[in-house]
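The following paragraphs lead through a protein model, starting from a pair of strands and moving outward to the whole chain. Please keep the structure in view while reading.

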Amino acid sequence: MKLYSKEVMKHFIHPQNVGKMKNYDGLGKAGNLKCGDIMYLYIKVGKDEGGKEIIKNISFETFGCTIAIANTSLLTTMVKGKTLKEALKITKEDLLKRFGRVPLVKIHCSLLAVDALGEAIYDYLSKNKKPIPKELRERHERVERDKEIIEIRHKELVEIEEELHQKTKHIK
Ligand code: FES
């Protein structure tokens, strides 16, 4: 049996929406408690015909593994054009379902994308002084607590990832 499904390989080999975004409206950063890998996710917010706020553009940069890359690529294709509310409803389980098969030891990697997206929306809402749903606020507090632990537990790795992030050029 192959380790990864066709869908995982498709997004890993040809990841969609990769790269730093220059003029973003929201930036989310999330880390993985188990491995210390970091994800940066950028959103540009626009409006649909009915005036609802939607994710007009999205991109990501990650130092995570195969699943983190494939998972985030998939998520970006799912939320582009969706309202912020719809985007927030997508769960780790939704992504895993689409992938069909993910090794047990890699399940934790699939949380990065969802967390980073939540953080990018949180960043956009708080910067623009818009109401923040209770669930999102709680999610944000948990991600912040995780980041503090990651910075202690995976200090050296986090420093290298941060340095690489600073050096990466904007490509979107
Ligand atoms: S091992 Fe770190 S994100 Fe998968």
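In this predicted model, strand 2 and strand 3 run antiparallel and are joined by nine bridges. Within that pairing, Tyr-42 stands opposite Ser-59 of strand 3. The hairpin that the two strands form has five residues between the strands, and there Gly-51 takes a positive phi near 90°. Seven of the ten residues of strand 3 are buried, so this strand is largely enclosed by the rest of the structure.

Both strands also take part in the largest nonpolar core, which holds 39 residues, and among these Met-39, Ala-116, Leu-117 and Ile-121 touch the most other members. At least two residues of this core come from each of strand 2 (38–47), strand 3 (53–62), helix 2 (66–79), helix 3 (84–89), helix 4 (92–99) and helix 5 (111–127). Helix 5 supplies the largest share, eleven residues. Once neighbours within four places in sequence are left aside, Ala-116 is in contact with Gly-28, Lys-29, Ala-30, Met-39, Tyr-40, Leu-41 and Phe-60. In soluble globular proteins, nonpolar side chains tend to be buried together.

Turning to the whole protein, there are seven helices and three strands, and from the N terminus on the elements run α-β-β-β-α-α-α-α-α-α. The radius of gyration is 15 Å, close to the 16 Å that the globule rule gives for 172 residues, so the protein is as compact as a globular protein of that length. Of the contacts with a separation of 6 or more, 68% are between residues 24 or more positions apart, while buried residues make up 38% of the 172 residues.

Note on methods: Residues are numbered from 1 along each chain as its sequence is written. This is a predicted model: local features need pLDDT of at least 70, side-chain atom pairs count only at pLDDT 80 or more; totals for chains, interfaces and linings use all residues. A nonpolar core is a set of buried Ala, Val, Leu, Ile, Met, Phe, Trp, Tyr and Cys residues joined through C-beta atoms within 7 Å. A residue is buried if 20 or more other C-beta atoms lie within 10 Å of its own, exposed if 12 or fewer, and partly exposed in between; C-beta atoms are placed from the backbone. Helices (H or I, at least four residues) and strands (E, at least two) are DSSP runs, numbered from the N terminus. Two residues are in contact if their C-beta atoms, placed from the backbone, lie within 7 Å. Two strands pair if DSSP finds at least two bridges between them. The radius of gyration is taken over C-alpha atoms; the globule rule is 2.2 Å times the number of residues to the power 0.38.
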